[in-house]
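Please read the points below with the structure open beside you. They cover a pocket, some charged pairs and a patch on the surface.

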Amino acid sequence: MKKHIFRIIRVLSLVLAVVLVVALLQEFVLCHADHNRQRLKGFFEEEKQSLDVVFLGASEVYSDFAPGYAYEYSGMTSYLFATQSNSILNYKSQLKNILSRQNPELIVIELNGAVYGDEEEDLKEANLRNYADNVPLDTVKLEWMRENVKDNQLEYIFPLMKYHGVWSDFPNDMKYQKTIIWDKLRGYNYLKGILNETAVFQNTQRSMNSSLPKSANSKLPLTETEERGLRDLLSYCQSEGLRNVVFARFPHIVVRRTFERFERSNTVGDIVAEYGFDYINLERDIAQTGLDEFKDFYNLAEEVHRISDRLPY
């Protein structure tokens, strides 16, 4: 009898050791570690019920707002729950993540993720993984998977299956892994705001911003995927009776190539209004923001990648 007990204990100990090793590798080593991961992991390190405002969205959010400055000048605590090229298919689950830990006075949802066109179709998996690979495996994530992942679901449960080949990146690509470990140890995240360095953006294309108010009623339909994701998000907000949510379109330099996004953002405003929520379109009249379109814009998403090798972590 004792032999069987010791054998069971040894087997269970081996299984536990394997699970722990796999968990550590998946969390800190064999993963896609970048600023998206650091930002999302950092949110779950924040003290519960400690945030006044949470911003949700794509790179517009972490390019345009700095929580550190907001706290310095107003005492307002805030966090940017945002990922690069964030898909609207993630938004409902991301809102649930936020509400599971925080009860902010205001949630600002920037809807750039709803205005992508067919040209972004090939980026969909990356856009989804920037979110799903970096949040806990809980009922919110499992529901998200049922709704959005048809193939290779195990890779979303065990991202190590997707990223096991990143051994080749070591030891040169450790800066984010180190920082995520430090965040975990100290219980908060420095990357609540933006990463940049001083630069002046010289627009080489003719800006259409000054003429946007004249095009205020110019509209294009959303893609089927984006409209489904947007309506799903709005239905959830409505069913939960959320009245502390404001939807927005942050300002951009609009050129001919991106004018279709402006037209889709007008359609987004109509859909948001159907559900009884406010939609602040800061793109229609850039003069109201006080921004200078020739001096105050920079493509921070690209800049982050360009300077990442020089960041001090």
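**Notes on the predicted model**

1. Start with the second largest pocket, bearing in mind that the model is predicted. At least two residues of this pocket's lining come from each of helix 6 (124-132), helix 7 (139-148), helix 8 and helix 11 (224-239). Helix 6 contributes the most to the lining, with 4 residues.

2. The volume of the second largest pocket is about 420 Å³. Its lining has 17 residues, and those nearest the centre are Lys124, Leu128, Asn148, Val149 and Lys150. Sorted by class, the lining of this pocket holds 10 charged, 4 nonpolar and 3 polar residues.

3. Salt bridges come next; the count for the model is 12. One of them joins the side chains of Glu155 and Arg129, at 3.1 Å from N to O. The two residues are 26 apart in the chain, with Glu155 in helix 8 and Arg129 in helix 6, so the pair links distant parts of the chain. Are Glu155 and Arg129 buried or exposed? Both are buried.

4. The bridge between Glu155 and Arg129 does not stand alone: a network of salt bridges links Glu125, Arg129, Asp133 and Glu155.

5. A further salt bridge is formed by Lys219 and Asp270, whose closest N and O atoms are 2.5 Å apart. This pair also links distant parts of the chain, 51 residues apart: Lys219 is in the loop between helix 10 (175-186) and helix 11, while Asp270 is in helix 12 (residues 259-274). Lys219 has a relative accessible area of 39%, so Lys219 is partly exposed. Asp270 also counts as partly exposed because its relative accessibility is 38%.

6. Helix 12 also holds Glu260 and Arg264, which are 4 residues apart, or about one turn of the helix. Glu260 and Arg264 form a salt bridge, with 3.3 Å between the closest N and O atoms. How does each partner rank for exposure? Glu260 is partly exposed, because its relative accessible area is 42%. Arg264 has a relative accessible area of 8%, which is under 20%, so Arg264 is buried.

7. Last, look at the surface. Which residues make the nonpolar surface patch of about 290 Å²? They are Leu154, Phe158 and Met161. Phe158 sits in the loop between helix 8 (153-157) and helix 9 (160-163). With a relative accessibility of 41%, Phe158 counts as partly exposed. This value is over the 30% that a patch residue needs, so Phe158 passes that cut-off.

Definitions and conventions: Residues numbered from 1 in each chain as written. Predicted model: local features only at pLDDT ≥ 70, side-chain atom pairs only at ≥ 80, totals over all residues. Heavy atoms only, no water. Patch = residues over 30% accessible without salt bridge, like charges linked within 9 Å, V, L, I, M, F, W, Y side chains within 5 Å. Areas by Shrake-Rupley, 256 points an atom, 1.4 Å probe, with all protein chains shown as cover. Salt bridge = Lys/Arg side-chain N within 4 Å of Asp/Glu carboxyl O. Buried < 20%, exposed > 50% of the residue type's maximum accessible area, 1.4 Å probe, protein only. 1 Å grid on protein atoms, 1.4 Å probe; cavity = no way out; pocket = protein on both sides within 12 Å on 5 of 7 lines; lining within 4 Å. Points joined across faces, edges and corners; volume = space filled by probe spheres on them. Nonpolar A, V, L, I, M, F, W, Y, C, P; charged D, E, K, R; others polar.
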